[in-house]
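This report looks at the salt bridges of a single model and at the solvent exposure of the residues that form them.

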Amino acid sequence: MKNRFLCLFLTICLSLCLLNISVSATDSAFEANLSGEEDGIIGEQYFVFLEVGNFKESGFLGVTAYIDYDASVFEIDSTYLGIMNGTVNPENINPETYPLIDPEEGWVFWGNNSINGDEGTLSVHILNDSTSISSLKGESVVCFIEFKVKDTASIGESVIKIDTDDELKGVFSETLVESKNGTGSSLYVNVMEPEPDFITLKEDSTYSKIYDLIPEKYIITGFKERTNVADFFSNFENKAENLNLITDLEILKDTDYVPTGATIQLFKKGKIIDSAVVICMGDVDCTGFLDSTDYLQIKRYFLKSIELSETSLIAADVDGNGEINGTDYLRIKNYFLGKLDIYS
């Protein structure tokens with residue numbers, strides 16, 4: 001029989017947290033556990049897995065696991081047999097890393113999936129009809145089940161319920177034993193939209209993302225002076241925990257002001273996948289706030305007594321005409337004196 005069976009790919013987010021639901025068939029020749037992931041993003045794999053191990057005696061072995069799920073959210077994407085030698089490593093739940101059991105060892109596996117409206121029930125059956133299972137003492141077999149979140153699923157919290165009153169049933173020496181462990185447990189999955197792989201402003205943000213104002217780079221601008229990092233990050237579709245704002249000196253804290261010349265970075269799995277330069281209009285001295293230093297630096301610049309960096313030149317051009325002159329100086333000075341709003 002094929003060693004490929006039962007998968008359901010579920011989409012879920014951002015940081016996978018394992019929930020272990022342990023049920024022990026104390027009167028049988030084995031122990032069994034159901035485990036699963038929670039939190040995820042649409043489009044990513046989601047696993048539930050059944051581990052049967054600690055084999056104590058030889059004889060006939062049968063296990064059935066029942067999993068109820070919200071069929072309006074989850075669907076079976078494909079099926080394969082995923083029973084394998086070894087113990088589940090929570091840090092590595094890729095089925096391909098666990099060696100498949102040889103069919104000649106007497107194992108048989110199958111599954112049934114039934115749907116009634118929005119209620120789905122998956123039963124997984126594991127059977128060993130050999131005369132002896134003593135050769136598996138101290139080992140475990142693992143059945144991986146993959147789910148997928150439907151593209152039409154609504155964003156929010158959904159559930160896979162594992163009823164521990166009759167979650168696992170074991171047959172040993174042709175005697176039915178039922179695992180009992182409380183009133184039931186549920187694996188809740190917080191279904192989230194996929195996070196973009198590039199820095200993305202929210203539709204209602206007043207900020208702007210502009211390309212090539214600095215050659216071959218994006219800049220983020222359109223925010224006011226004295227905007228702190230936490231408020232700045234709230235304007236992006238990306239999760240704040242996946243964003244950094246850095247200067248040449250440090251990673252800025254949530255309460256720090258966002259200065260001209262800083263770089264916003266987007267991380268995925270520990271790697272930088274996108275970045276952009278930040279420009280606060282009027283913040284010529286790159287402090288994140290406007291004061292007399294900013295307009296005096298503009299005056300010195302057009303008097304040719306100082307040079308300005310590339311980002312400071314963009315911040316100084318508050319009238320947007322591509323030149324740094326007396327108009328920019330007066331606009332920033334009048335803003336500082338409370339006579340003009342350069343951000344309106």
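## Asp197 and Lys268

In this predicted model, a salt bridge joins the side chains of Asp197 and Lys268, with an N to O distance of 3.1 Å. The pair connects distant parts of the chain, since Asp197 lies in the loop between β16 (185–192) and β17 (208–214), whereas Lys268 belongs to strand β20 (residues 263–268), and the two are 71 residues apart.

Asp197 has a relative accessible area of 44%, and is therefore partly exposed. Lys268, with a relative accessible area of 38%, is likewise classed as partly exposed, because that class covers the values between the buried limit of 20% and the exposed limit of 50%.

## Glu225 and Arg226

Another salt bridge is formed by Arg226 with Glu225, whose closest N and O atoms are 3.3 Å apart. Here the partners fall into separate exposure classes: Arg226 counts as partly exposed at 43% relative accessibility, while Glu225, with a relative accessible area of 13%, is buried.

## Lys253 and Asp256

The side chains of Lys253 and Asp256 also meet in a salt bridge, for which the N to O distance is 3.7 Å. Asp256 counts as buried, because its relative accessibility is 18% and the class requires a value under 20%.

## Overall picture

How many salt bridges does the structure hold? There are three, and among their acidic residues Glu225 is buried and Asp256 is buried, whereas Asp197 is partly exposed.

Notes:
Residues numbered from 1 in each chain as written. Predicted model: local features only at pLDDT ≥ 70, side-chain atom pairs only at ≥ 80, totals over all residues. Heavy atoms only, no water. Salt bridge = Lys/Arg side-chain N within 4 Å of Asp/Glu carboxyl O. Helix = DSSP H or I, 4+ residues; strand = E, 2+ residues; numbered from the N terminus. Buried < 20%, exposed > 50% of the residue type's maximum accessible area, 1.4 Å probe, protein only.
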